[in-house]
Every structure is written in C-alpha cells, then in structure tokens.
Amino acid sequence: MTTDTLEKPVLHRAQALKTMTQGSHARLDDTIMARRPFESLARYGLLLQVQYLFHRDIDALYDNPELELMLPDLENRRRFPLIVLDLEDLGIPAPVVDEAPVFTRDNIDLPTALGWLYVAEGSNLGAAFLLKAATGLGLCDHLGARHLGAAPAGRGLHWRSFTAALDAPDMDEASEARVSTGAQAAFARVRALVNRFLPHTPQD
C-alpha cells in the first residue's frame, strides 16, 4: 500500500474549528490582555461591558428548541444573566447601544449559531485564568465574576459534552462552511467590542 492510497485522518468538527480559528483566538487573547482588564475594578468593568454585549448577541440561542435538542444542558450554559448580576454587583451600568443583537428568535441559522456557541463555550473553558486574575480585585464566582465560574460538573466535562454534541450532526458542505463562518464572525465580534469598549490605558 502506498501513501497515495492511505486515507487522510478526518478531523472532528470541534477540532477542525479549533485549528481554523487558532490565529483569531490567539490575537483576541493578546488584544484583551494588552488592555490590562485586571489592572483595576474600573478596567474590569469595561471588560464586563464587552462580555455583556457579546452574550446579549447570542442570548436568543439558548431559547431555540432545535438547539436545545442538539446541545446538552443548553439553558444552564447561558451566561448573559450572570453578567447582568456581575454588573449590578459592581454598580456598573449596562452599555447602551443602538444596534440589535446579532441573533433574535426569528433569525437563527443553526449551523451559524453552532459556530458562535463554539466560541462562547470555549471562552468558558479558558475562564479559569480570568477568574484567578479577578480574585486579585476582590471578586469571585459569586460576586462580580459569576460569569467566569465553572459549571458544577467542572470545566473539562462541560466542554467535552458540548464538543461531543457539536460533532454529532451530519452536515453538508454548505452547512459546515456556515459553522466555520459563524465561529470566525464571533471572534471578530468580540475583538471589535474590545476595541470599542476596552481602550488602551493612557500609558500604552
């Protein structure tokens, strides 16, 4: 048997998304940390406003019956209400914007939505580092940093159950492309919000 006849390994959907978005993910992480969001409560409040707007964009997905059938424990993965409480804890008003959320109940394309949820769930997996940084400001997962807390089952299991569900549906090529486009759009949206609401500190 020659190497020409060997089948190429098939990436699972979640793994393919990770590979495809590595650059976007790294650039976003670098951008956020360069803005020093844990330098003070005021700076952290700006990051909270970014989180508020991103999770406002996707909040309608957690009420979608088709997504509820596909994804385990979807309602308990919702973090927008926790961010609202975090803002209230710190006495910070929610940001006021003119634009509508990215998703409403009437405009949900399932493959695109899965790409956005991949980014949202992935951010929760990596939030342990952010939660540790928030403790330096006197915050914790029941005061001011609720949305960074781990699921009761633990971050790892919570993520694995999501990726198993993400990998499960059969999709045609066009639908796969919309999943990928959704994930890239989600990273781009967060980065745009960071640039808008979490500016560089004056000494930068």
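Setting aside residues up to four places away in sequence, His 147 touches Tyr 44, Leu 48, Gln 51, Arg 79, Leu 82, Ile 83, Asp 86 and Asn 124. This histidine is a convenient point of entry into the model, which is a predicted one. His 147 is located in the loop that joins α6 (127-135) to α7 (155-167). Its relative accessibility is 2%, and because buried means under 20%, His 147 counts as buried. One of the residues it touches, Asp 86, is also its partner in a polar contact: the two side chains approach to 2.7 Å.

The wider architecture can now be described. The protein contains eight helices and zero strands, so that its pattern, read along the sequence, is α-α-α-α-α-α-α-α. The C-alpha trace extends over about 65 × 40 × 35 Å along the principal axes. For 204 residues, a compact globule would have a radius of gyration near 17 Å, and the 18 Å of the protein agrees with that expectation. Of the contacts with a separation of 6 or more, 83% join residues that are 24 or more positions apart. Within the chain of 204 residues, 43% count as buried.

The surface and the charges complete this overall view. About 10,800 Å² of the protein is exposed, and 56% of that area is supplied by carbon and sulfur atoms. There are 20 positive and 27 negative side chains. The centres of these two sets of charges lie 7 Å apart.

A second buried position is found in helix α1, which holds Thr 21. Thr 21 has a relative accessible area of 1% and is therefore buried, the limit being 20%. Apart from neighbours within four places in sequence, Thr 21 is in contact with Tyr 118, Ala 183, Gln 184 and Phe 187.

Helix α4 (80-90) contains Leu 85. With a relative accessibility of 35%, Leu 85 counts as partly exposed, since this class lies between the buried limit of 20% and the exposed limit of 50%. Leu 85 can be paired with Ala 145: 60 residues separate them in sequence, while their C-alpha atoms are 9.0 Å apart in space.

Two loop residues deserve attention for their backbone angles. Arg 36 belongs to the loop between α1 (13-34) and α2 (41-58). Its phi is near 50°, a positive value in a residue other than glycine. The relative accessibility of Arg 36 is 32%, and the residue counts as partly exposed. Asp 73, in turn, is placed in the loop between α3 (65-70) and α4 (80-90). Asp 73 is not a glycine either, yet its phi is positive, at about 55°. With a relative accessible area of 45%, Asp 73 is partly exposed.

The path thus returns to its starting point. His 147, in the loop between α6 and α7, is buried at 2% relative accessibility, and its side chain makes a polar contact with that of Asp 86.

Technical notes
Residues numbered from 1 in each chain as written. Predicted model: local features only at pLDDT ≥ 70, side-chain atom pairs only at ≥ 80, totals over all residues. Heavy atoms only, no water. Helix = DSSP H or I, 4+ residues; strand = E, 2+ residues; numbered from the N terminus. Rg over C-alpha atoms; globule rule 2.2 N^0.38 Å. Buried < 20%, exposed > 50% of the residue type's maximum accessible area, 1.4 Å probe, protein only. Contact = heavy atoms within 4.5 Å. Areas by Shrake-Rupley, 256 points an atom, 1.4 Å probe, with all protein chains shown as cover. Lys, Arg positive; Asp, Glu negative; His and termini not counted. Charge placed at Lys NZ, Arg CZ, Asp CG, Glu CD. Polar contact = N/O pair within 3.5 Å; in protein donor to acceptor, adjacent residues only side chain to side chain.
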